[in-house]
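User: I would like a close look at one part of this model. Please keep it brisk.

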Amino acid sequence: MVSATKQVPEPSSGETGNEPDVARSPNPEHAHAHSAPEHTDAISGVLTGLPFRTRIWLRRARIVGLRVWRLVRTGLIRLLPGVRFLLRALHRRWRRSLQFRTVLTTLLLSIGSFAVVGAYLSNQIANNLFQERLTQAESETLYNVKQVQDTFDGAQVTDQSSVITLVYDTLNAVEGRGSVIQRRYVFEAMPEQTKPRNRWVESRASDQLTVSVIPPELRKAVQESGKDQYWASTEFPVGTEDRPGIAVGNKVTFNGTVYELYLIYDLNTAQKTLDEIQNVLLAGGAVLVLIVGAIAWYVTRNVVSPVSHAAVVSEKLAAGQLQERMVVKGEDEVARLGASFNHMAASLQEQITQLATLSQMQQRFVSDVSHELRTPLTTVRMAAEVLYDARHDFDPINKRSAELLYNQVERFQSLLADLLEISRFDAGVAMLDAEPTDILKLIENVVEDAAPVAAEYGSEVTINCREESIVVEMDDRRIERILRNLVLNALEHSEGNPVNISVAANETAVAVAVRDHGIGMTQSEAARVFDRFWRADPARARTTGGSGLGLSIAAEDTKLHNGWLQAWGSKGTGSNFRLTLPLKQGEAISKSPLQLEPADVGLPGGPGEGTMVRFGSVSSPAEPADGAAPATGRDEAK
Amino acid sequence: MKARILVVDDDEALAEMIGIVLRNDGFEPVFCADGGQALEVFRSSKPDLVLLDLMLPGMDGIEVCRQIRAESDAPIVMLTAKSDTSDVVRGLESGADDYVPKPFKPAELVARVRARLRPGDQKAPETLRIADIIIDVAGHLVSRNGERISLTPLEFDLLVALARKPWQVFTRELLLEQVWGYRHAADTRLVNVHVQRLRSKIERDPEAPEVVLTVRGVGYKAGS
């Protein structure tokens, strides 16, 4: 019996313990990498004498193991994307759904708090149960040890068999009457004492028990003390299971021998009660967590659903469905939100409708004014021209009047045309009529048309381009207008110096730079050239009679093409206007093929004073603008 | 013989001024101030050319243009106060050959009128082919497989210009100069719209032209 019980715990902690340990290793590769060479080592070392068949079997086992490992690995690799996808989906959900976040947080927090409360409760209950049992055990032990001692003291036996019988009977009585064992005992003679002749009993214990179930600390305490009683928690085997228990120890004397007597009380019922309580707590906690989760879901749904409804409605509103409104129910905060949201939407709708009407009215007005003004102007102009053509028959006063009339009608007409063009841009009715056109041809035409003006100013216009032809998707009417404007402007300000037109293209854009070497302008002036009716020098004579809107219209035309129109100037050195257009409409310009500040500035011989300053200050707004959104001249003013 | 020109414009002062200018240059103007009566006046006066204002009381100039074109090939030049793309294109599509935007110079107006009135220069008997289209230049006839195709004089001139030099690619500017008689660059939409109208009459499938081909970025040429 004794030897059988002694052997029970050993195999479980020995050989059998090792293998599951390896199997449970988190990295199967690791496990195999270790196990396989160990096997081979073992095989080569020990099993050389083994039959051939065994070696084959081992080999097969190894192959099967490798295959299983490969299968597991591919499975993991296959599963990994799925797991990753799931995590990402959860993460997205977490980011996007307020409800999901709230419910999840509530669940986690309630699980945490239930765990804390549950642990405290079960700990408290366990303590109480244990204390109660301990108190009982101590008092029972006190009584029983006294009983045993009394029985031993009063015994009048001398022969071996009756001594043994007496001891065994006394000890058996300790176990209690009835079929249920109330307490178990371990009876052991204290070591290190002279062995009297008539000591026939060395040790005795209840079924399956040995002295090894008594914790050494307890034994030590009992052995070293006088007549005091000690206790300790322990585990002891009953049948095939280990049960928790309390061991209470004391000494008894019999025939001059001091024995240690330990009484072991079963805590199994208490443990079972505790387990049940814990199960109940666990189940209750789980149910409560579920209920709390459901409540959180319900409550947040109630709160969040109007909010998400508001989000949907506001998205629709932002997309232009102005008649979209929220549903308002009750008088709570959500209803107030809805009501004020609807109010906002209504005023927004009103404003936008009003603006649309206004814009339509302006458009109509521009169109009407256009017609109403142009018809009489045509008559006046024709009449003026008829008079002008006949001026040689007039006396000097009338002749001069006819000339003035003719010239001013011309000027009035160009001013009106520009004004109408600008108001068309303002009304947003200017349309781009783009198609692929060779911009070089266009530039040649512009230069050809400007030849009389160039001759008048005594300037030469040169075109500098390496390409044979550059086809750009553009509205040639508008681009021609821009370029004509730039060329005429350059001629006007060139003071007889040559005007250079450079053209270059890259993968995304084409650039045309019109450079003059005339009076030039300062950086701040360059920033304002695209402003309406702006003139560099108000005192300057209006020689060409331009409307002052030419460059503004050019800037608007450029904007219509999603291009850039930028100006650079340097006082006394001249100025440079660069038009950059995307080769295809709808594509973005990444970088202009030409520099805004001309390369010839700053060369030896150029005016050194102030040039460097301008270099730095001009290049800084110009080059970043290259990377930025479509910049017209006005944007550059920043 | 003086060419008779019908001026359809509701602005009396402008009409009178146009009359003065036209008479000065040897034309015979006829006036009509109401769009509703324009067709009647056109029928009774049988003008050689019509100057037509787009905004008219009674009937829209574009509608008048369409009606006149429906029964006559007489050149129509629009007088437009609007230079918005849509209006000009609408006018050209309704059948006008050319347009003069207000305010115009008298010389400009007369040049446009003269360009459209160019007497059919004494053409030698000549037959041209583009694809399966046969053009009898002197007889002003266009046919495919013996079937006659009716073209306005402007469309005819455009087709002949392309057919005479089938190896050449015509830029829009060149066509404006040769067909419309513009010395300086003008609105190339004139060419676009008329090419489209021409195609709608002579192509089997205007979406996939075989007679008048587009050369991307340059202009047009005759098909082979």
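User: Of the 45 residues of α5(A), how many are buried, and why does that place the helix in the open or not?

Analyst: This is a predicted model. The number of buried residues in α5(A) is zero, so the helix lies largely in the open. Buried here takes 20 or more other C-beta atoms within 10 Å of a residue's own.

Now the helix itself. Helix α5 of chain A covers residues 52–96. From its first C-alpha to its last it reaches 66 Å, close to the 66 Å expected at 1.5 Å a residue. It does have a kink of about 30°, placed at Leu79(A). The proline Pro81(A) follows shortly after Leu79(A).

Next, confidence in chain A. Its pLDDT averages 79, and 84% of the residues score at least 70. Over residues 1–43 of chain A, pLDDT stays under 50. The model has 23 contacts beyond four places in sequence for that stretch. Residues 602–638 of chain A also stay under 50. Their contacts beyond four places in sequence come to 54.

For contrast, turn to the buried parts. The largest nonpolar core has 64 residues. Val8(B), Ile18(B) and Leu159(B) are among those with the most contacts inside it. Helix α6 of chain B, residues 153–164, gives the most to this core, with seven residues. Both domain 1 (4–117) and domain 2 (127–222) of chain B supply at least three residues each. A second, separate core has 50 residues, including Val499(A), Ala505(A), Ala513(A) and Trp568(A).

Methods: Residues numbered from 1 in each chain as written. Chains lettered and ligands numbered in written order. Predicted model: local features only at pLDDT ≥ 70, side-chain atom pairs only at ≥ 80, totals over all residues. Core = buried A, V, L, I, M, F, W, Y, C linked by C-beta atoms within 7 Å. Buried ≥ 20, exposed ≤ 12 C-beta atoms within 10 Å, placed from the backbone. Helix = DSSP H or I, 4+ residues; strand = E, 2+ residues; numbered from the N terminus. Domains from an automatic or database assignment. Expected span 1.5 Å × (residues − 1). Bend = angle between axes of the 7 residues up to and from the residue. pLDDT = per-residue confidence, 0-100. Contact = placed C-beta atoms within 7 Å.
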